[in-house]
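Trainee: I would like a close look at one small part of this model, and then a walk outward from there. Could you take me through it in one go?

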Amino acid sequence: MAEPATDFTLDTAQVLAEEEHGASIVGRSPWYLAWRRLRRNYIAFIALFVFVVIAVACSLAPIYAHHIAHTAPNATHTEDIVNGKQVLSAPVIGTDAQGNVVVEKAGGVLGPTWWHAHGRFVLGADGLGRDVAVRLLYGGLNSLKIGIGSALICVMVAVLLALLAGFYGGWVDWIITRSFDLIWAFPVLLLAIALGSALSINGFHHFGISISPHSLWIPTLVISYVYVPYVGRPLRGQILSLREKEFIEAAIGQGASPLRIMFSDLLPNVASTALVFFTLIIANNILTEAGLSFLGAGVQPPNPSWGTVIQEGQERIISAPWLTLAPGIAIVLTVLSLNIFGDGLRDALDPRAKVRVEH
Amino acid sequence: MRSRQGLIRLLSVLALMAGLALMTAAYAVSANRPQSSVAHTKSVGTFRAVIDTIDYLDTSQAYTAQSLWALWTVYETLVTYRHVAGAAGYQVVPGLASLPKISRGGKVYTLTLRKGLKYSNGKPIRAADFKCTMKRDFLTASPGVGFYDTIVGAKKFETSLKGDIGGIKTKGRTIKITLTSPRGDFLTILAEPFAALVPCGTANQDLSANPPPASGPYKIGPNPDKNRGFSLVRNKYFKPTKYIPRGTPNRVDVTIVGDADAAVQRVISGQADYTNAAIPPERIGTVSNRGQLRLRKSANTYYFWMNTRVYPFNKLKVRQAVNMAIDRSALVKAVWGGLGVTTENILPPTYPSYRKLTLYKRNVAKARQLINQAGAKGADVTVWGRQVSDSQQSTTLYASYLSAIGLKTTLKFLPRSTYYTTIGNSDTKAQTGWARWLEDYPHPLDWFDVLLNGRNIVHENNNNFAYYSNAKTNRLIDGLKKPPALTPAVNKRWANVEKLIMQQAPWAPWSNRTFPEFFSKNMGCISIQRLYGIDFMKVCRK
């Protein structure tokens, strides 16, 4: 009796061919096979869909701000009246006979209007009269830029260093791994805060490079720098083991240059791992960016990011909880969707696990 | 016999009536006694305070309201302020010495130390200690040295850090201070904690961890930590006077808690009796029901300075435009939930020389016009602020107002510890930013001479952030240093100086803040000293 076609093996291919009435067996690339595995993972696709929706919504922030909310992310409207309510109202304070303060009328910020104000203040206003929904979208745009950008830089640098360390070994490997250790010795968040705080004051103006303190490059580069060892070390280990394989020896024996071996033989074998790392570390970096911005060491005010929006709303967490809930939920959804998709991608791309199961 | 019995009977009745009358009188007195009287209040014992920050516990270095709030009761000055609420609290009264005899046209101050004074270590307080204290201030680069550089020989000592300050002479219990020129505010300067006596031989370094012996009603307890907390205990060698009471608490425990919510929660939960935490505006309502919330109007002004030496604020029209563009009431509402009053003045309303100015009515359209006329549209402006919540909020709003009138703004926030030194360094060329001033002593010179006299601009640690220098107002300020008292005529002259300066608009003042002070429900006898805040020496428990 034919085995059920659950896992991909040579036997399965045979069975499939028989089922297809004698159709010829066509070889499939590992990427295609991975894609087939992935597309069966509906949860991963839902997660990807959620992330894409968030990313598209954030990228449409300028259109939303201009055409729907009719404001800018940093524009303040403290004295505006919306639906008969003041955007920012102060409490009315009196004193009793003993001289103690008595609040006769509580103040506060405008709550969510939920489209009842023609697109203005859909999610309410913050403490400076700014539109929360607009800042949420612009903040998401900045957070995603930093998250994706730093992940890209981190993985590219980590792959490059891992290739060099793994292929050459010896003193090259020693220098690179000791550098990883040096960065790894610091608690990653504290290191990021220290670097972010220092660079956010005066920027970076060395070695012919000039980056203003308000530039998003500062948090992007800081975050990518601190996470390089976390990606580089596992990749280096993988490359070290691949380096001993026969096909590498054969390539060396054939006289292939180190660059060719690294990029044509080694890199494709770690590409799937790097891709999984890339996806997972975007989520990690978005969280780190939110933390840094919350602490004042990431995106600098008045520029919004999800972290700064939370920080600005924390003082009003009791009277206006939506100021912190909205960006918090956005971060949760983004990070969760990326993690779920990353897990699905790893399950689809990781042939080693399947081989191990076979044996 | 019968008459003798009658006499005894009569005397008995009279005695009974007298006794009844006395009891009735005693009852009437106690019934009419105010609630804070001893008969209706409990002993304070330990007064537990939660404060947001302390910079130093050394009078030569301490320069924040919170530090001085504590140190005022520990280190006495030659003259001091009354421990009363209201305007009377500004009156200078004898401290360790008598009020001075002022002679030679206001240049010579002669004071006499009270007899039998001792430090908390039992050693006598000597007149010579005043000179040692002044020299120590210069040797430790105290932030207050600028107040005393009119003493003869002080400037020379400040430069060389060697030798003597010839303008201070002591003999027995007499202290004679000679100034280079008269200063109408010198009496109030003598009451500054920088001039609080410490013994000769006190180390010339920050002694916050091991404070010098006290001369006031309290001394600092063992192992103080300015970052975590300290205690004040009674100084057994202190003798109360008419103006300096003994203090009702036996002990004051001060805990440093930076987070306002945590500080307030401690008071609500009964772990503390008082906090000066900056309660977030929307929590005022909930907090006020769970304790006693008082509002303290201290003499302060919050303002945005504009560097008159740097483009575009070197143009008068730009500075005037900024004053017209900012929405002062919105700032007060957004930053402090309405706990403050708007202002266009430099001086706060607590000053007798205050005359309300209304030079710049809000008009954004006109402000834009002025910017265009000045040719400053699109000018790049960096707006500086401190990394503290209220400064960040107000600076962000301020930048939005500048953007609205056509300036291109970038915000720059610095940590609290480096902000003033950075903007006060002329090399920074900071264009505009946030600042505030809380009075050091109740005299207009503390404002105009320190913050707006062009002759006092220095390269580092400058306080005139606007780098404002106008020959006419400089001359007027210098001229007003001489009058010894703030008479109505002198106050009118100060008001004129203020108007002239604000017409040049080096600042955009926006508010005089009101500070919330939160007490637990069982605290009574709450008294707010105008200069030093809550006077814990008078508190009691209900």
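In which loop of chain B is Pro312(B) found?

Mentor: Happy to. Keep in mind throughout that this is a predicted model. Pro312(B) sits in the loop of chain B that runs between strand β13 (300-306) and helix α8 (316-325). What makes this proline worth a look is the bond that leads into it: the peptide bond from Tyr311(B) to Pro312(B) is cis, with omega near -5°.

Chain A has a cis bond to set beside it. There, the peptide bond from Pro301(A) to Pro302(A) is cis, and its omega is near 10°. Pro302(A) also belongs to a loop, the one between α10 and α11 of chain A.

That loop brings us to helix α11 (residues 306-313) of chain A. Of its 8 residues, 8 are buried, so this helix is largely enclosed by the rest of the structure. The buried residues of α11(A) include Trp306(A), Val309(A) and Ile310(A), and also Gln311(A) and Glu312(A). What do the buried residues of α11(A) pack against? Their partners are α5 (132-168), α10 (258-294) and α12 (322-349), each of them in chain A.

One of those partners, α5(A), has another neighbour to show you. The axes of α5(A) and of helix α3 (residues 42-59) of chain A come within 8 Å and cross at roughly 115°. The two helices are therefore roughly perpendicular to each other, and α3(A) passes α5(A) in a left-handed crossing. On the α3(A) side, the meeting residues are Ile54(A), Ala55(A), Ala57(A), Cys58(A) and Ser59(A). They face Leu137(A), Gly140(A), Leu141(A) and Leu144(A) of α5(A). By class, this contact holds 7 nonpolar residues, 2 polar ones and no charged ones.

Now compare that with another helix pair in chain A. Helix α7 (residues 188-202) and helix α8 (residues 217-243) of chain A have axes that come within 10 Å and cross at roughly 150°. That angle is why α7(A) counts as roughly antiparallel to α8(A). The crossing of α7(A) and α8(A) is right-handed. From α7(A), the contact uses Val188(A), Leu191(A), Ala192(A), Leu195(A), Gly196(A), Leu199(A) and Ser200(A). From α8(A) come Ile218(A), Pro219(A), Val222(A), Ile223(A) and Val226(A). The class count for this contact is 10 nonpolar, 2 polar and no charged residues. A reminder that helps when you look at such lists: an α-helix has 3.6 residues a turn, so residues three or four places apart point the same way.

Stepping back to the whole of chain A, its domain assignment gives domain 1 (76-129) and domain 2 (133-356). The C-alpha centres of these two domains of chain A lie 41 Å apart. They do touch: 8 residues of domain 1 of chain A are in contact with 12 residues of domain 2 of chain A. On the domain 1 side, the touching residues divide into 4 nonpolar, 3 polar and 1 charged.

The two chains meet as well, in a contact that takes 30 residues from chain A and 29 residues from chain B. On the chain A side, strand β5 (residues 101-105) gives the largest share, 3 residues. That side of chain A divides into 14 nonpolar, 13 polar and 3 charged residues.

Since you began with backbone geometry, here are two further residues to click on. His70(A) has a positive phi of about 55° although it is not a glycine. It lies in the loop between α4 (61-69) and β1 (81-82) of chain A. With 13 C-beta neighbours inside 10 Å, His70(A) counts as partly exposed. Arg104(B), also not a glycine, has a positive phi of about 50°. Arg104(B) is in the loop between β4 (101-103) and β5 (108-112) of chain B. Is Arg104(B) buried or exposed? It is exposed, with 10 other C-beta atoms within 10 Å.

Let us finish in chain B, with Asn496(B) in helix α15 (residues 488-504). Asn496(B) is partly exposed, with 15 other C-beta atoms within 10 Å. Its C-alpha atom is separated by 9.9 Å from that of Tyr354(B), although the two residues are 142 residues apart along the chain.

How values were computed:
Residues are numbered from 1 along each chain as its sequence is written. Chains are lettered from A and ligands numbered from 1 in the order in which they are written. This is a predicted model: local features need pLDDT of at least 70, side-chain atom pairs count only at pLDDT 80 or more; totals for chains, interfaces and linings use all residues. Domain bounds come from an automatic or database domain assignment. Two residues are in contact if their C-beta atoms, placed from the backbone, lie within 7 Å. Ala, Val, Leu, Ile, Met, Phe, Trp, Tyr, Cys and Pro count as nonpolar, Asp, Glu, Lys and Arg as charged, and the others, Gly among them, as polar. Helices (H or I, at least four residues) and strands (E, at least two) are DSSP runs, numbered from the N terminus. A residue is buried if 20 or more other C-beta atoms lie within 10 Å of its own, exposed if 12 or fewer, and partly exposed in between; C-beta atoms are placed from the backbone. Axes are lines fitted to C-alpha atoms, for helices over the stretch in contact, and angles run from 0 to 180 degrees between N-to-C directions. Angles under 35 degrees count as roughly parallel, over 145 as roughly antiparallel, 65 to 115 as roughly perpendicular and the rest as oblique. A crossing is left-handed if the near helix is turned anticlockwise from the far one by less than a right angle, and right-handed if clockwise.
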